[in-house]
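Here's a quick walk through the packing and the charged pairs of one protein chain. Keep the viewer open while you read.

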Amino acid sequence: MVQQVISVVVINPEGQVFLMRRCAKRDIGRWEYPAGKVDPGELILDAAKRELKEEAGLSLDLTAGHLIDKEDVIGRDGNPMQVYTFRVYLNKGWEAARFKEGHTFDMAGWFTPDKALGMPLTEPARARIATL
């Protein structure tokens, strides 16, 4: 069975992207977007909303129209994966993300694309930010 994974690029009205720094498992010290696996029986869109809430404290009204990419890749374990990437622009008056330090991430923040490209990023995050 192909593992499905989502990532969500969140951009605030100032053009900054929301990134979190990993502190566990793979890519320790690297920054990335909210992302995660789609649970069995879970819809891709519901997984994206869940990951945003769990990892960033954001409750956003994502729709299928926010889907910007679907990529078939081979994971680090050699198994096939489907990666779905969503992008959402926040409107003025949005509520700041309530990041809660946890077992996977130890820091989060909003960064301009130029600043982010100078940071240690995961390769998928670097590729996506380079297109902003």
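Arg-128 is buried in this predicted model: its relative accessible area is 18%, and the cut-off for buried is under 20%. The residue sits in helix H3, which covers residues 123–129. Leaving out residues up to four places away in sequence, Arg-128 touches Val-9, Tyr-33, Ile-68, Asp-69 and Thr-85. Take Thr-85 from that list: Arg-128 and Thr-85 are 43 residues apart in sequence, with 9.4 Å between their C-alpha atoms.

Another polar residue tucked away is Gln-82, buried at a relative accessible area of 17%. You'll find Gln-82 in strand S6 (residues 80–89). Its side chain makes a polar contact of 3.2 Å with the side chain of Tyr-84. Not counting residues up to four places away in sequence, Gln-82 also touches Val-2, Gln-3, Gln-4, Val-5, Lys-70, Glu-71 and Asp-72.

Now for the greasy parts. In soluble globular proteins, nonpolar side chains tend to be buried together. Here the largest nonpolar core has 18 residues, and the members touching the most others are Ile-6, Val-8, Val-10, Phe-18, Ala-48, Leu-52 and Phe-86. At least two residues each come from strand S1 (3–11), S2, helix H1 (44–56), S6 and S7. Helix H1 gives the most, with four residues. Phe-86 is a good one to click on: setting aside neighbours within four places in sequence, its contacts include Ile-6, Val-8, Ile-44, Ala-48, His-66 and Ile-68. There's also a second, separate core of twelve residues, with Val-9, Ile-11, Leu-19 and Met-119 among them.

How many aromatic pairs are there? The count comes to two. Phe-18 and Trp-110 have ring centres 5.1 Å apart and planes at 55°, so this pair is tilted. Phe-18 belongs to strand S2 (residues 17–22) and Trp-110 to strand S7 (residues 105–111), so the pair ties together parts 92 residues apart in sequence. Phe-18 and Trp-110 are both buried.

Trp-31 and Phe-111 make an edge-to-face pair, 5.1 Å centre to centre with 75° between the planes. Since Trp-31 is in strand S3 (residues 31–32) and Phe-111 in strand S7, this pair links parts that are 80 residues apart in sequence. Trp-31 and Phe-111 are buried as well.

On to the charges: the model has eleven salt bridges. Three of them are listed here.

| Salt bridge | N to O distance |
|---|---|
| Asp-27 and Arg-76 | 2.9 Å |
| Glu-42 and Arg-50 | 2.8 Å |
| Asp-72 and Lys-70 | 3.5 Å |

Which loops does the Asp-27 and Arg-76 pair tie together? Asp-27 lies in the loop between S2 and S3, and Arg-76 in the loop between strand S5 (67–74) and S6, so the bridge joins parts 49 residues apart in sequence. Asp-27 counts as buried at 19% relative accessibility, while Arg-76 is exposed at 66%. Salt bridges that share partners also join Arg-22, Arg-26, Asp-27, Glu-32 and Arg-76 into one network.

As for the other two bridges, both Glu-42 and Arg-50 are buried. Asp-72 is exposed, with a relative accessible area of 54%, and Lys-70 counts as partly exposed at 41%. Asp-72 and Lys-70 also both turn up among the residues that Gln-82 touches.

Methods:
Residues are numbered from 1 along each chain as its sequence is written. This is a predicted model: local features need pLDDT of at least 70, side-chain atom pairs count only at pLDDT 80 or more; totals for chains, interfaces and linings use all residues. Side-chain values use heavy atoms; hydrogens and water are left out. Rings of Phe, Tyr and Trp (its six-membered ring) pair if their centres lie within 6.5 Å; planes under 30 degrees apart count as stacked, over 60 as edge-to-face and the rest as tilted. Buried means under 20% relative accessible area, exposed over 50%, partly exposed in between (1.4 Å probe, protein chains only). A polar contact is a pair of N or O atoms within 3.5 Å; within protein, one must be able to donate a hydrogen and the other to accept it, and residues adjacent in sequence count only if both atoms are side-chain atoms. Contact means heavy atoms within 4.5 Å. A nonpolar core is a set of buried Ala, Val, Leu, Ile, Met, Phe, Trp, Tyr and Cys residues joined through side-chain atoms within 4.5 Å. A salt bridge is a side-chain nitrogen of Lys or Arg within 4 Å of a carboxyl oxygen of Asp or Glu.
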